[in-house]
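Me: I've just opened this structure for the first time and I don't know where to look. Please pick one part and take me through it closely, along with whatever it leans on.

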Amino acid sequence: MDKIVREYDKNNQVDSWETLIFLYNAALKEVSTKLDILNDEFQNVHRYNPIEHIKTRIKTPESIVKKLRKQGHEPTIDNMVKYVNDIAGVRIICSFTSDIYRLAEMIGKQSDLKVLSIKDYIKNPKESGYKSYHMIITVPVFLSDSVVDTKVEIQIRTIAMDFWASLEHKIYYKFEGNAPEYISRDLQECARMVWRLDERMLQLNEAIQACLEEQEKQAAGGAGKDTDKDIEKDTAQAEKSE
Ligand code: 0O2
């Protein structure tokens with residue numbers, strides 16, 4: 001991709017940083033459209049939306065440079081492309097944990113996307129208590145005379161996981177990563193409460209679905225009986241009139 005960025009720069013006389021951001025923005029648009037379509041299709045087939053909402057963002061230049069320095073790399077355009085996987089980020093917020101895996105599977109099956117790596121922080125939460133499903137993918141961005149496979153980080157999490165992560169992120173930044181022990185412990189305890197809440201909500205949803213299916217079955221059975229009765233009535237009437 002870095003070669004294409006340079007080629008693109010040569011032809012279009014834009015500065016590299018601008019080109020880079022242009023490509024990552026285009027990649028975010030591509031992925032967002034794909035997710036909208038998947039969500040609409042799911043609604044159409046199953047009468048259910050797995051996605052509550054989607055957020056997209058481009059990492060700030062300061063944050064990109066900080067990440068590169070932390071990894072021991074110079075902040076060059078080449079290094080940004082090579083080593084920073086989350087310059088373009090999409091966050092998908094779902095209702096239930098089961099939706100996360102369903103969506104991850106649907107994304108993995110898109111033939112034009114390449115999944116580079118997966119980190120399942122739901123099965124293996126971080127020490128902080130952080131839970132989320134991360135995928136690094138590439139999406140082809142079609143330009144006038146070339147196609148550029150562009151990296152996007154997709155984070156998939158429930159509303160509850162997002163609530164915790166957003167607050168923890170703010171607190172972490174307030175203390176610049178050096179939060180006092182008792183605050184970290186409290187946050188871990190809150191994370192456990194969030195996990196329990198997610199489990200309860202999932203169980204509740206399964207119970208609701210089972211209950212609705214049972215009601216539908218009963219209604220269909222009832223409707224069947226009426227039809228049988230109607231047929232009997234009709235047959236008796238026909239016999240009478242003969
Ligand atoms: P921001 O502001 O969200 O961008 P890699 O990207 O795979 O090369 P990295 O960066 O170690 O390596 O990836 P990781 O840990 O899989 O994911 C990093 C991102 O996940 C973070 O981005 C956060 O968005 C989120 N994240 C990871 N751990 C935590 C955590 O303990 N708490 C919270 N709240 N979020 C977490 P950035 O760059 O840190 O921030």
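**A close look at strand 2**

Reply: Let's start with one pair: Ile51 has Cys94, in strand 2, as its bridge partner. Strand 2 is the part I'd pick, and it covers residues 88-94. Keep in mind that this is a predicted model.

A bit of orientation first. The protein is built from seven helices and five strands. Reading from the N terminus, the order is α-α-β-α-α-β-α-β-β-β-α-α. Of the contacts between residues at least 6 apart in sequence, 62% link residues at least 24 apart. Buried residues account for 23% of the 242 residues, whereas strand 2 is mostly covered, with five of its seven residues buried.

What sits beside strand 2? On the one hand there is strand 1, which runs antiparallel to strand 2 and shares seven bridges with it. On the other there is strand 5, which pairs with strand 2 in the parallel sense over six bridges. For an example of that parallel pairing, look at Ile92: its bridge partner in strand 5 is Ile156.

Stay with strand 1 for a moment, since it spans residues 51-58 and holds Lys55. Lys55 and Val90 are 35 residues apart in sequence, yet their C-alpha atoms lie 5.8 Å apart. Is Lys55 buried or exposed? Lys55 is exposed, because just 12 other C-beta atoms fall within 10 Å, and 12 or fewer is what counts as exposed. His53 is another residue of strand 1. It is exposed because the count of other C-beta atoms within 10 Å is 11. From His53 to Ser95 the distance is 9.6 Å, C-alpha to C-alpha, across 42 residues of sequence.

Now for what strand 2 helps to build. The largest nonpolar core has 32 residues, and the members that touch the most others are Ala27, Ile92, Val152 and Ile154. Several elements each supply at least two residues of this core, among them strand 2, helix 5 (97-108), strand 4 (133-142) and strand 5 (147-158). Helix 2 is the biggest giver, with seven residues in the core. As a rule, nonpolar side chains in soluble globular proteins tend to be buried together.

To see the core from one residue's point of view, click on Ile154. Leaving aside residues up to four places away in sequence, Ile154 touches Val90, Ile92, Ile107, Met135 and Ile137. There is a second, separate core as well: it has six residues, including Ala160, Met161, Ala191 and Val194.

Helix 2 deserves a look of its own, given what it puts into the largest core. With 31 residues, helix 2 reaches 45 Å from its first C-alpha to its last, close to the 45 Å expected at 1.5 Å a residue. Its buried residues are Leu20, Leu23, Tyr24, Ala27, Leu28, Val31 and Leu35. There's a handy rule for reading such a list: an α-helix has 3.6 residues a turn, so residues three or four places apart point the same way. Further along helix 2 you'll come to Leu38. Leu38 counts as partly exposed because it has 19 C-beta neighbours inside 10 Å, while buried takes 20 or more. The C-alpha atoms of Leu38 and Met106 are 7.8 Å apart, although 68 residues separate the two along the chain. Just past the end of helix 2, Arg47 has a positive phi of about 55°.

One more stop: the ligand. The residues around the ligand include Lys59, Asn85, Asp86, His134, Ala165, Glu168 and His169. By type, the shell divides into two nonpolar, four polar and five charged residues. Helix 6 (residues 159-174) gives the most to this shell, with three residues. Helix 6 is 16 residues long and reaches 23 Å from first C-alpha to last, close to the 22 Å expected at 1.5 Å a residue. Ala165 and Glu168 are among the buried residues of helix 6, as are Ala160, Met161 and Trp164. After helix 6 comes Glu176, with a positive phi near 50°.

So, back to where we began: strand 2 pairs with strand 1 in the antiparallel sense and with strand 5 in the parallel sense.

Terms used: Residues are numbered from 1 along each chain as its sequence is written. This is a predicted model: local features need pLDDT of at least 70, side-chain atom pairs count only at pLDDT 80 or more; totals for chains, interfaces and linings use all residues. Helices (H or I, at least four residues) and strands (E, at least two) are DSSP runs, numbered from the N terminus. Two residues are in contact if their C-beta atoms, placed from the backbone, lie within 7 Å. A nonpolar core is a set of buried Ala, Val, Leu, Ile, Met, Phe, Trp, Tyr and Cys residues joined through C-beta atoms within 7 Å. A residue is near a molecule or strand if its C-beta atom, placed from the backbone, lies within 6 Å of it. Ala, Val, Leu, Ile, Met, Phe, Trp, Tyr, Cys and Pro count as nonpolar, Asp, Glu, Lys and Arg as charged, and the others, Gly among them, as polar. The expected span of a helix is 1.5 Å times one less than its number of residues. Two strands pair if DSSP finds at least two bridges between them.
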